[in-house]
Amino acid sequence: MTTLQKILGTELPLIQAPMAGIQVSAMAIAVSNAGGLGSLPCAMLSPEVMRSELAAIRAGTDKPYNVNFFCHTPPVPSTEREATWRAALAPYYAEYGIDAASIPTGPGRNPFSADVADLLAEFKPPVVSFHFGLPPVELLARVHGWGAKVLASATTVEEALWLEAHGADAVIAQGLEAGGHRGHFLSHDLTKQLGTFALLPQLVRALKVPVIAAGGIADANGVAAAMALGAAGVQVGTAYMLTPEATTSAIHRAALKSEAARHTALTNLFTGRPARGIVNRVMRELGPIGAAAPEFPLATSGIAPLRTKAEAQGSGDFSPLWSGQNATGCREVPAAEVTRALAEGFLHASR
């Protein structure tokens, strides 16, 4: 049994990565019941939906599970930056007959808050994970106060040391290969971010808390390789995206099953913060990293109506097709089967 299993209380040192917009409670329940740590991404959920999903998890499993939140500092909206962003998107608005003046502004994701902590205290989830750092000291103390273990993502050694010093019980080494948003929070310099198998051993050497490998791990061999490099466990996301428990859209599923999935890139066009997804039209034409995009999460509102219009026509040209660099593990089988297949890697590592 690894140190991580003792901390999480799970049969396997395997975490299903929380994937906002791609899964809800069904995925978490399936993975937890299969011996891993199922996760519920909460950053985009209203309090009412969050309560409903937590109730569903409590009814569906008696095993440990994880709830995940963002810890970003909401930016001050800039009229000038928003106007520049709308101007960059203007040709697409014209193409789809969208009146730019009718598009509302506002955040698409909220950070962890006292109100959310109040709601969680009713359910006392055993594991709470954070992206973009950790919440304020008083909020983190509340989470630890009901006995929860805290996980957080690091993309550099400096971030990992900061997380350890500020209360993380384990640190997720998020390699550059990973799909979705970068967990970086001490620096926005993407050149500082390393691949999983370069970052992982450095974190193992630098930290006293367990290190969880994430990014590019798609099968049992990848799990075994991560464990051989000192990981206490792994976190896997992309491999679960074609499972029936996932809410991945038909357009997104088709992209994951196509040759397009071989080409992913970090992009800030969909939210304002770098995240890895399959390259599509808007990423090619504007460049995946656009200086015009407002700060996270304010870029979301400008591109959202284009996504809606394009998807109605069966196109993912303006959709965030999140995916890691290694989608070879994506299979249309139940999440429990994916979990069991990945678990074979722990047997290889122990031999």
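Here are some short exercises on this structure, each with a worked solution.

This is a predicted model, in which local features need pLDDT of at least 70, side-chain atom pairs count only at pLDDT 80 or more, and totals for chains, interfaces and linings use all residues. Residues are numbered from 1 along each chain as its sequence is written, and side-chain values use heavy atoms, with hydrogens and water left out.

**Exercise 1. The nonpolar cores**

Find which residues touch the most other members of the largest nonpolar core.

*Solution.* Start with the term: a nonpolar core is a set of buried Ala, Val, Leu, Ile, Met, Phe, Trp, Tyr and Cys residues joined through side-chain atoms within 4.5 Å. Buried means under 20% relative accessible area, exposed over 50%, and partly exposed in between, using a 1.4 Å probe and protein chains only. The largest core has 97 residues, and Phe69, Phe130, Leu203 and Tyr240 touch the most other members. Apart from this core lies another, of eleven residues, including Ile15, Val127, Ile212 and Ala214. As general background, nonpolar side chains in soluble globular proteins tend to be buried together.

Next, look at Phe130, with contact meaning heavy atoms within 4.5 Å. Setting aside neighbours within four places in sequence, the contacts of Phe130 include Asn68, Phe69, Phe112, Leu140 and Ser153.

**Exercise 2. Helix α3 and its two partners**

Work out how α3 is oriented against α5, and then against α2.

*Solution.* Helices (H or I, at least four residues) and strands (E, at least two) are DSSP runs, numbered from the N terminus. Axes are lines fitted to C-alpha atoms, for helices over the stretch in contact, and angles run from 0 to 180 degrees between N-to-C directions.

Step one: the axes of α3 (residues 47-60) and α5 (residues 114-123) come within 11 Å and cross at roughly 20°. The two helices are therefore roughly parallel, a label for angles under 35 degrees (over 145 is roughly antiparallel, 65 to 115 roughly perpendicular, and the rest oblique). Among the residues that meet are Met50, Leu54 and Arg58 in α3 and Val116, Leu120 and Phe123 in α5. By class, the contact of α3 with α5 has eight nonpolar, no polar and three charged residues. Here Ala, Val, Leu, Ile, Met, Phe, Trp, Tyr, Cys and Pro count as nonpolar, Asp, Glu, Lys and Arg as charged, and the others, Gly among them, as polar.

Step two: α2 (residues 25-33) packs on α3 at about 25°, with the axes 9 Å apart. That makes α2 roughly parallel to α3. Ser25, Ala28, Ile29 and Asn33 of α2 touch Glu53, Ala56, Ile57 and Gly60 of α3. This contact of α2 with α3 divides into four nonpolar, three polar and one charged residues.

**Exercise 3. Backbone surprises**

Decide whether Lys124 is buried, partly exposed or exposed, and do likewise for Phe132.

*Solution.* Most residues other than glycine have a negative phi, and most peptide bonds are trans.

- Lys124, in the loop between α5 and β4 (127-131), has a positive phi near 50°. At 48% relative accessibility, Lys124 is partly exposed.
- Phe132, in the loop between β4 and α6 (137-145), has a positive phi near 70°. At 4% relative accessibility, Phe132 is buried.
- The peptide bond from Phe296 to Pro297 is cis, with omega near 0°. Pro297 sits in the loop between α11 (281-286) and α12.
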